[in-house]
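I'm opening a fresh page in my notebook for this one. The plan is to look things up bit by bit and jot down what turns up.

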Amino acid sequence: MHPLMKDAFALRPRLVAWRRDFHQHPELGFQEHRSARIIAQHLRALGYQVQTGVAETGVVAVAEGSGPGPTVLLRFDMDALPIQEETGAAYASQNPGVMHACGHDGHMAIGLGVAQLLAARRDTWPGRVKFMFQPAEEGLGGAARMIEAGVLENPRPDYALGLHLWNGWPVGWVGYTPGPAMAGASMFRVVLQGRGGHGAIPHTTRDPVLAAGHVITALHTIVSRNVPAQEAGVLSVGAVHAGHAPNVIPETATLEGTLRAFQAETLRLLEQRVRTVAQSVSQAFEVQADVSFHDQVPPLINDPEVCARAQQAGARVWPEMNVLTDHRTMGSEDMALVLARVPGCYFFVGSANPDRGLNAPHHHPRFDFDDEDVLPRATALMTAAALEVLGGSP
Ligand SMILES: [Zn+2]
Ligand SMILES: [Zn+2]
């Protein structure tokens with residue numbers, strides 16, 4: 001076994017204990033006070049310079065290596081989801097209605113493990129490591145808030161690394177995808193303003209419900225008629241709200257949905273067409289459409305060179321791992337905002353164990369992963385990637 005992997009396995013009891021403690025005490029986005037306190041305490045004890053309360057609950061920690069060199073940013077997310085856990089695990093959530101169902105509890109444990117392994121071999125790597133423990137990844141804009149708060153300045157990172165545990169694969173599979181790896185996303189809202197009235201005399205009204213029906217149908221032509229066939233694009237309408245009574249035509253109807261694409265230009269095209277289609281279709285029904293977009297995240301694009309180096313370093317510490325280099329998901333990730341500014345790599349580490357029933361998908365009430373097997377391995381992979389880009393020797 002590679003010495004770094006051996007050191008990571010020596011840490012296994014602590015990694016599993018950290019993860020299960022975080023799992024028992026999940027916190028929603030921007031409320032990760034307990035998690036942040038534990039993280040800050042551990043990093044301070046290891047000699048890192050720690051800053052807390054960055055974008056509410058974010059933690060930033062810096063350590064200098066043996067001499068001048070590049071700065072690498074290592075990013076881990078901390079938030080849980082508003083889900084009632086159904087795993088029945090001994091370490092199940094003690095916070096009703098809140099659950100670590102995406103694996104961010106594991107990410108925090110891995111981050112603490114990486115910090116410990118790097119601190120222990122501080123005289124072997126040049127440059128600087130900067131940890132970014134981020135709040136509110138699950139659609140709440142934690143990365144954007146940390147960037148606004150200056151996480152990418154003083155010191156400015158030359159490289160950025162991040163990972164996600166991935167229950168779509170068993171432990172043993174790791175995905176390093178150069179170029180676009182996760183979709184960009186944009187949420188849209190269409191508010192249709194009509195004129196309400198009695199359902200028995202619709203000619204005196206301007207019916208936003210009827211307009212909404214036509215707008216929904218027309219929106220679904222955008223991907224098939226406007227997005228080039230070789231590009232990926234997704235449009236889904238996930239929320240439709242209008243009216244309260246069967247015999248009343250309401251004043252307004254609201255549609256909400258999500259757009260996904262791997263190219264920024266495709267995402268802009270989708271937005272532009274949603275605006276045009278919603279406005280012109282509703283105009284035909286004499287209804288006014290107000291179209292807006294929010295929670296926009298760019299596609300997550302890995303730097304091919306950093307990605308290849310992270311993969312090579314990973315293969316040195318874990319030669320038996322199976323590597324996928326073409327895994328792409330229409331899911332989105334706000335780490336994309338960091339990687340749009342700093343060259344880097346965000347990789348996926350298979351975490352399922354189907355034989356033990358640990359393979360429910362992310363965001364599922366029975367989501368759980370093989371923490372004993374994957375945490376030391378993922379910790380070694382991330383430490384190796386960091387040492388590689390710093391110019392140390394993994
Ligand atoms: Zn998630
Ligand atoms: Zn996640």
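Which hand does the crossing have where H2 passes H11? I checked, and H2 passes H11 in a right-handed crossing. A reminder to myself before I go on: this is a predicted model.

**Entry 1: H2 on H11**

I looked up the geometry next. Helix H2 covers residues 12-24, and its axis is 9 Å from that of H11, at an angle of about 110°. Angles of 65 to 115 degrees count as roughly perpendicular, so I put H2 and H11 down as roughly perpendicular to each other. Then I listed who touches whom. From H2 I have Arg12, Leu15, Val16, Arg19 and Arg20, and from H11 I have Asp371, Glu372, Leu375, Pro376 and Thr379. Sorting the residues of this contact by type gave me five charged, four nonpolar and one polar.

**Entry 2: H1 on H11**

I moved to helix H1, residues 3-10. Its axis and that of H11 come within 8 Å and cross at roughly 135°. That angle makes H1 oblique to H11. I noted the hand as well: the crossing of H1 and H11 is right-handed. On the H1 side the contact uses Leu4, Met5, Ala8 and Phe9. On the H11 side I found Asp373, Pro376, Arg377, Ala380, Thr383, Ala384 and Leu387. By type, the residues where H1 meets H11 are eight nonpolar, two charged and one polar.

**Entry 3: H9 on H11**

How do the axes of H9 and H11 cross, and at what angle? Helix H9 is residues 304-317, its axis comes within 8 Å of the H11 axis, and the two cross at roughly 125°. H9 and H11 are therefore oblique to each other. H9 passes H11 in a right-handed crossing. I wrote down the H9 residues in the contact: Val306, Arg309, Ala310, Ala313, Gly314, Arg316 and Val317. They meet Ala380, Leu381, Ala384, Ala385, Glu388 and Val389 of H11. My tally by type for H9 with H11 is nine nonpolar, three charged and one polar.

**Entry 4: just past H11**

I followed the chain on to Gly392, which lies in the segment after helix H11 (371-390). Is Gly392 buried or exposed? Its relative accessibility is 16%, so I marked Gly392 as buried; the cut-off for buried is under 20%. Leaving out neighbours within four places in sequence, I found Gly392 in contact with Thr124, Trp125, Pro126 and Leu387. I also checked a pair that is not in that list: Gly392 and Pro170 are 222 residues apart along the chain, and their C-alpha atoms are separated by 30 Å.

**Entry 5: the zinc ions**

What coordinates the zinc ion (ligand 2)? I found Cys102 through SG, His104 through NE2 and His164 through NE2, at 2.1 to 2.3 Å. In sequence, I wrote the spacing of these donor residues as C-x1-H-x59-H. Ligand 2 has a zinc ion for company: it and the zinc ion (ligand 1) are 3.1 Å apart, and Cys102 coordinates both. I looked up accessibility for two of the donors. Cys102 has 8% relative accessibility, so it counts as buried. His104 is at 0%, so His104 counts as buried too.

**Entry 6: backbone oddities**

Which peptide bond did I note as cis? The bond from Asn154 to Pro155 is cis, with omega near -5°. Pro155 sits in the loop between helix H5 (142-148) and strand S5 (159-170). Asn154 has a note of its own: its phi is near 45°, a positive value in a residue other than glycine. At 74% relative accessibility, Asn154 counts as exposed.

Ala136 got a note on phi as well, which is near 55°, again positive in a residue other than glycine. Ala136 lies in the loop between strand S4 (128-134) and H5. Its relative accessible area is 0%, so Ala136 is buried.

**Entry 7: a strand residue**

My last lookup was Val240, in strand S10 (residues 233-242). Not counting residues up to four places away in sequence, Val240 touches Ile216, Thr254 and Leu255. I also took the C-alpha distance from Val240 to Cys345: the two are 37 Å apart in space and 105 residues apart in sequence.

Definitions and conventions. Residues numbered from 1 in each chain as written. Chains lettered and ligands numbered in written order. Predicted model: local features only at pLDDT ≥ 70, side-chain atom pairs only at ≥ 80, totals over all residues. Heavy atoms only, no water. Donors = N, O, S within 2.8 Å, 3.2 Å for Na, K, Ca; no water. Buried < 20%, exposed > 50% of the residue type's maximum accessible area, 1.4 Å probe, protein only. Helix = DSSP H or I, 4+ residues; strand = E, 2+ residues; numbered from the N terminus. Contact = heavy atoms within 4.5 Å. Axes fitted to C-alpha atoms, helices over the stretch in contact; angles between N-to-C directions. Parallel < 35°, antiparallel > 145°, perpendicular 65-115°, else oblique. Left-handed = near helix turned anticlockwise from the far one by under 90°. Nonpolar A, V, L, I, M, F, W, Y, C, P; charged D, E, K, R; others polar.
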